[in-house]
Amino acid sequence: MCFEIGNKVAVIDDVINGEVTKVVDKQVFIKDAQGMEYRFSKEELVKLGVEQKELSKYIDIKHEAQYKVFVKKKRTTSPFKKTKKEIVMEVDLHIEKLLKSTQHMDSYDILNYQLEIARRKIEYGLSKKISKIVFIHGVGAGVLKTELGYLFNKYPVDYQDASYTKYGLGATEVYIYQNN
């Protein structure tokens with residue numbers, strides 16, 4: 001593409017645009033709106049205000065083919081896909097669902113009680129060959145969710161956030177690996 005002094009140009013792989021101030025061989029000097037001067041090769045620039053048909057002549061076919069290969073990444077399958085006969089256990093860890101009263105308990109005791117319930121449910125799932133458990137923990141400050149992560153790492157399980165549409169941000173889905 002032929003550049004002349006005064007042409008409005010933009011850099012292809014950056015957010016810089018400006019006006020051509022000097023052209024030396026294959027180097028083009030441009031000045032942006034803040035007065036900064038840059039030097040680019042002709043291949044890195046495109047004229048502004050040029051018709052799209054005109055620009056398509058200069059597309060690097062090799063670069064475009066590499067881009068298409070990069071975009072068409074193969075999707076990996078998740079172990080969290082629900083099969084038709086899969087048993088899913090939901091466990092609500094909100095303390096008001098677990099106990100009638102927390103009158104003589106502080107936050108440390110409540111957290112330990114919730115973690116003990118979660119531990120029991122994971123071990124129950126392992127013994128009964130339940131493949132998926134959804135722990136509903138709520139959002140809060142994230143302490144219970146963090147502690148659950150530490151607990152899950154002690155067992156042969158994978159975990160991720162549960163379905164946002166069904167549970168919002170306050171649930172974790174645990175997939176239990178079973179030894180047959």
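Is Glu 116 buried, partly exposed or exposed? Select Glu 116 in this predicted model and show its side chain: with a relative accessible area of 27%, Glu 116 is partly exposed.

Keep Glu 116 on screen and add Arg 120, with which Glu 116 forms a salt bridge whose closest N and O atoms are 3.5 Å apart. Both residues belong to helix H4 (residues 107-127), and because they are 4 residues apart there, about one helical turn separates them. Arg 120 also counts as partly exposed, at 47% relative accessibility. Now widen the selection to include Arg 119 and Glu 123, since these two residues, together with Glu 116 and Arg 120, are linked in a network of salt bridges.

Next, select Lys 132 and Glu 173, which form a salt bridge with the closest N and O atoms 3.9 Å apart. This pair links distant parts of the chain, for Lys 132 lies in strand E7 (residues 132-136) and Glu 173 in strand E9 (residues 171-176), 41 residues apart. Lys 132 and Glu 173 are both buried.

For the last stop, select Asp 161 and Lys 145, a salt bridge in which the closest N and O atoms are 3.0 Å apart. Here too the pair links distant parts of the chain, with Asp 161 in strand E8 (residues 157-161) and Lys 145 in helix H5 (residues 143-152), 16 residues apart. Asp 161 is partly exposed at 46% relative accessibility, and Lys 145 is partly exposed with a relative accessible area of 33%.

If you wish to continue, the count for the model comes to 7 salt bridges, among them the pairs Glu 116 with Arg 120, Lys 132 with Glu 173 and Asp 161 with Lys 145.

Terms used: Residues numbered from 1 in each chain as written. Predicted model: local features only at pLDDT ≥ 70, side-chain atom pairs only at ≥ 80, totals over all residues. Heavy atoms only, no water. Salt bridge = Lys/Arg side-chain N within 4 Å of Asp/Glu carboxyl O. Helix = DSSP H or I, 4+ residues; strand = E, 2+ residues; numbered from the N terminus. Buried < 20%, exposed > 50% of the residue type's maximum accessible area, 1.4 Å probe, protein only.
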